[in-house]
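Open the model in your viewer and keep the selection tool at hand. This tour moves stop by stop.

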Amino acid sequence: MKRLAKRYLAKIAVAGAGYVGLANAVLLATRCDVRLLDIVKEKAAMINDRKSPVVDDLIEEYLRTKVLSLEATTDSSYAYEDAEFVIVATPTNYDPEKGYFNTRSVEAVIATVLAVNPLATIVIRSTVPVGYTAKVKAMFETDKIFFCPEFLREGKALFDNLHPSRIVVGEDSAESRRFAGLLRDCSLDRRVPVIYAGSTEAEAVKLFSNTYLALRIAFFNEMDTYAEIRDLSTRQIIEGVCADPRIGDHYNNPSFGYGGYCLPKDTQQLRANYSEIPNDIVSAIVESNSTRKDHIASMILKRKPRSVGVYRLTMKKDSDNFRYSSVQGIMKRLKAKGIPVYIYEPGLSEREFFGSEVVEDLARFKEMCDVIVSNRIAPELEDVKEKLYTRDLFCRD
């Protein structure tokens with residue numbers, strides 16, 4: 001694919017075409033020359049064909065309708081060779097045995113970039129443990145690395161890049177100020193606040209931000225557990241509590257627990273970072289998510305179902321991600337009690353998921369299940385309301 005003949009603000013490479021990497025690449029490609037690297041050939045081909053490999057309406061729209069200087073490739077040398085900035089957006093899953101994120105993919109990118117283009121500035125946007133950037137700078141004997149956290153929602157990744165709440169940069173230097181300027185200038189909100197901090201402080205900002213969000217979810221879920229057991233109206237309690245402007249009427253819709261790409265692993269990582277530091281709240285947040293699943297499973301079992309259907313493994317509307325979704329924990333609890341569990345998930349091509357049958361036909365799914373469990377209400381469940389178990393009180397994420 002030919003690069004567009006136009007003056008761009010910078011030449012940028014992005015490693016990783018998941019939510020973070022693709023959203024960054026599309027955002028910056030509106031005014032910069034961007035090469036997006038991914039190891040999956042099919043994914044790179046889709047992007048070059050202007051199709052999104054992730055579910056995000058705005059990414060799909062931008063790829064389809066906007067003039068973007070964006071080229072996807074599987075060739076790391078080609079991606080990095082003339083880049084001024086290389087954004088690292090590779091997965092960093094939490095390893096429960098080691099108690100830390102698996103950061104091997106980040107280190108692999110850094111090593112390759114330093115071999116191919118040692119003049120490039122490396123910007124880590126993957127989520128990493130507190131203190132990680134200082135560690136890899138020492139490991140690779142370079143100062144050309146800084147951390148810049150992202151704050152994106154599933155299915156809204158590009159929107160949140162175009163309308164950022166803030167830009168946090170883990171360094172105050174000419175390179176970091178230029179990079180922050182690129183993020184700001186490619187956004188639609190040019191007055192976005194920019195916060196310059198040390199890389200370790202910026203890493204803490206990321207983990208504490210997500211842990212606070214998990215805390216808020218846990219709080220309203222625990223309130224809902226109390227109300228459900230006491231046969232009270234959770235909605236009335238939430239509306240009364242959230243009328244206080246210090247609390248606010250947002251991020252308060254009960255669910256089966258927090259899940260997805262970020263909150264489970266980030267809360268566990270922060271707890272690991274607290275290993276030798278006194279804490280009560282952070283550990284309680286992690287434990288509360290398991291307690292919530294116990295409660296949801298017990299309420300379903302009270303209905304004495306012969307079979308249970310799970311409507312969608314995804315936790316949010318307009319998302320294709322069901323990694324670490326809380327409903328999977330509920331499924332395990334039900335199956336441990338001998339209850340057959342069936343799944344309706346259009347995003348799955350397999351006919352079985354962890355020992356549960358995946359039912360393609362929605363009408364058949366509805367008919368074969370005594371109780372249908374859904375984290376979020378969907379219009380197509382209207383005709384089986386009497387079978388439905390959900391805690392979605394406000395019909396929003």
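Which residues of strand β4 point one way, and which the other way? Select residues 85-88 to find out. Phe85 and Ile87 point one way. Val86 and Val88 point the other way. All four residues of this strand are buried. Bear in mind that this is a predicted model.

**Stop 1: the partners of β4**

Keep β4 selected and add residues 11-15, which form strand β1. β1 and β4 pair in the parallel sense, over 4 bridges. Now pick out Ala13: Val86 in β4 stands opposite.

Next, add residues 121-124, strand β7. β7 runs parallel to β4, and 4 bridges join the two. Which residue of β7 stands opposite Val86? Select Ile122 to see the answer. Val86 thus has Ala13 opposite in β1 and Ile122 opposite in β7.

How do strands hold on to one another? Strands of a sheet pair through backbone hydrogen bonds, either parallel or antiparallel.

**Stop 2: an open sheet**

Clear the selection and go to the open sheet of 6 strands. Its order is β13-β14-β12-β11-β15-β16. The pairing is mixed. Which strands stand at the edges? Select residues 352-353 for β13 and 388-389 for β16. Each has a single partner strand, so one side of each is left without a neighbour in the sheet.

Move inward along the order to β11 and β15. Select residues 308-311 for β11 and 371-373 for β15. These two strands pair in the parallel sense over 3 bridges. To see one pair of partners, pick Val310 and then Val373 in β15.

**Stop 3: the whole chain**

Zoom out and select everything. The chain has 14 helices and 16 strands. Its C-alpha atoms fill a box of roughly 65 × 50 × 40 Å along the principal axes. How does the radius of gyration fit a compact globule? For 397 residues such a globule would have a value near 21 Å, and the chain has 22 Å, which agrees.

Switch on a surface. The accessible surface comes to about 18,700 Å², and carbon and sulfur atoms account for 53% of that. Of the 397 residues, 54% count as buried.

Show contacts next. Among those between residues at least 6 apart in sequence, 68% join residues at least 24 apart.

Finally, colour by charge. There are 56 positive and 56 negative charges. Their mean positions are 2 Å apart.

Methods: Residues are numbered from 1 along each chain as its sequence is written. This is a predicted model: local features need pLDDT of at least 70, side-chain atom pairs count only at pLDDT 80 or more; totals for chains, interfaces and linings use all residues. Side-chain values use heavy atoms; hydrogens and water are left out. The radius of gyration is taken over C-alpha atoms; the globule rule is 2.2 Å times the number of residues to the power 0.38. Buried means under 20% relative accessible area, exposed over 50%, partly exposed in between (1.4 Å probe, protein chains only). Contact means heavy atoms within 4.5 Å. Accessible areas come from the Shrake-Rupley method with a 1.4 Å probe; for residues, only the protein chains shown count as cover. Lys and Arg count as positive and Asp and Glu as negative; His and the chain ends are not counted. The place of a charge is taken as NZ of Lys, CZ of Arg, CG of Asp or CD of Glu. Two strands pair if DSSP finds at least two bridges between them.
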